[in-house]
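Colleague: I am new to this structure and would like to go through it with you. Could you show it to me before we begin?

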Amino acid sequence: MIEVELKARLGDRAAVEERVASFARLAGPFDKLDAYWHGPEWRLQRGKKGFRIRADGDATFVTFKTKKCEGGVEINREREFEVSDRGAFVELAERLGCEPFYTKRKTGRRYELSSGGTAAPIAIEICEVEGLGWFIEIEALLEAEEPAAVALAEGEIKGILARAGVPESAIESRYYSELLLAAGKIAPIL
């Protein structure tokens with residue numbers, strides 16, 4: 001799966017959420033606790049061997065991505081699967097030499113909007129990232145990384161950002177890990 005997404009900082013969260021609610025369907029609240037891990041020998045290939053374990057309600061998902069960011073828009077090849085026993089998966093990861101790095105908590109509301117160009121609905125999250133503040137995240141999922149489809153999805157998510165009343169200048173191109181590191185919320189890696 002290819003995810004095309006952007007995030008932007010929010011000044012007036014309530015006004016943005018009111019605008020989003022006027023054109024998108026509320027899917028519900030969420031509380032996501034993410035634990036980021038390094039794979040074995042991660043110091044030799046930073047950014048290539050990490051994964052995330054996400055607690056989302058009663059479910060646990062493991063995700064790994066190949067990331068790139070162009071002009072504040074992330075285009076990620078994402079692989080994700082659910083695990084039935086979080087503790088057993090963590091034990092396996094540790095036995096394989098993986099190490100926990102940091103955690104991140106996001107809470108908020110998720111909205112969905114039918115898209116003209118992507119098969120899946122576009123997800124819009126109004127979320128508070130613990131220690132960083134309020135953001136809007138807009139994500140489209142694609143089956144394949146075809147340049148025309150990626151460009152269409154990028155145009156759609158930027159159009160939704162404008163409909164939400166958020167200027168493109170508010171787009172945050174840094175990853176949350178970089179923001180948390182800059183804010184002193186996680187220790188620098190050596």
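Modeller: Let us begin with a term: contact means heavy atoms within 4.5 Å. This is a predicted model, where local features need pLDDT of at least 70 and side-chain atom pairs count only at pLDDT 80 or more, while totals for chains, interfaces and linings use all residues. Residues are numbered from 1 along each chain as its sequence is written, and side-chain values use heavy atoms, leaving out hydrogens and water.

Colleague: Which residues is I124 in contact with, leaving aside neighbours within four places in sequence?

Modeller: I124 contacts V20, F23, A24, R109, R110, Y111, L113, I136, E137, I138 and I160.

Colleague: Which residues touch the most other members of the largest nonpolar core?

Modeller: Those are V20, I124, I136, I138 and V166, in a core of 29 residues. A nonpolar core is a set of buried Ala, Val, Leu, Ile, Met, Phe, Trp, Tyr and Cys residues joined through side-chain atoms within 4.5 Å. Buried means under 20% relative accessible area, exposed over 50%, and partly exposed in between, with a 1.4 Å probe and protein chains only.

Colleague: Which element gives the largest share of this core?

Modeller: Helix α3 does, with five residues. Helices (H or I, at least four residues) and strands (E, at least two) are DSSP runs, numbered from the N terminus.

Colleague: What does the second core include?

Modeller: This separate core has eleven residues, among them V129, L132, L179 and I186.

Colleague: Changing topic, how many disulfides are there?

Modeller: There are zero disulfides, a disulfide being a pair of cysteine sulfur atoms within 2.5 Å.

Colleague: Why does C127 not bond to C69?

Modeller: The sulfur of C127 has its closest cysteine sulfur in C69, 16 Å away, so the two are too far apart for a bond. C127 is buried at 0% relative accessibility, whereas C69 is partly exposed at 31%.

Colleague: And D34, buried or exposed?

Modeller: D34 is buried, with a relative accessible area of 0%, and lies in strand β2 (residues 25–38). Its side chain makes a polar contact with the side chain of R54 at 2.6 Å. A polar contact is a pair of N or O atoms within 3.5 Å; within protein, one must be able to donate a hydrogen and the other to accept it, and residues adjacent in sequence count only if both atoms are side-chain atoms.

Colleague: What is the average pLDDT of the protein chain?

Modeller: The average is 91, and 92% of the residues score at least 70; pLDDT is the predictor's confidence in each residue, from 0 to 100.
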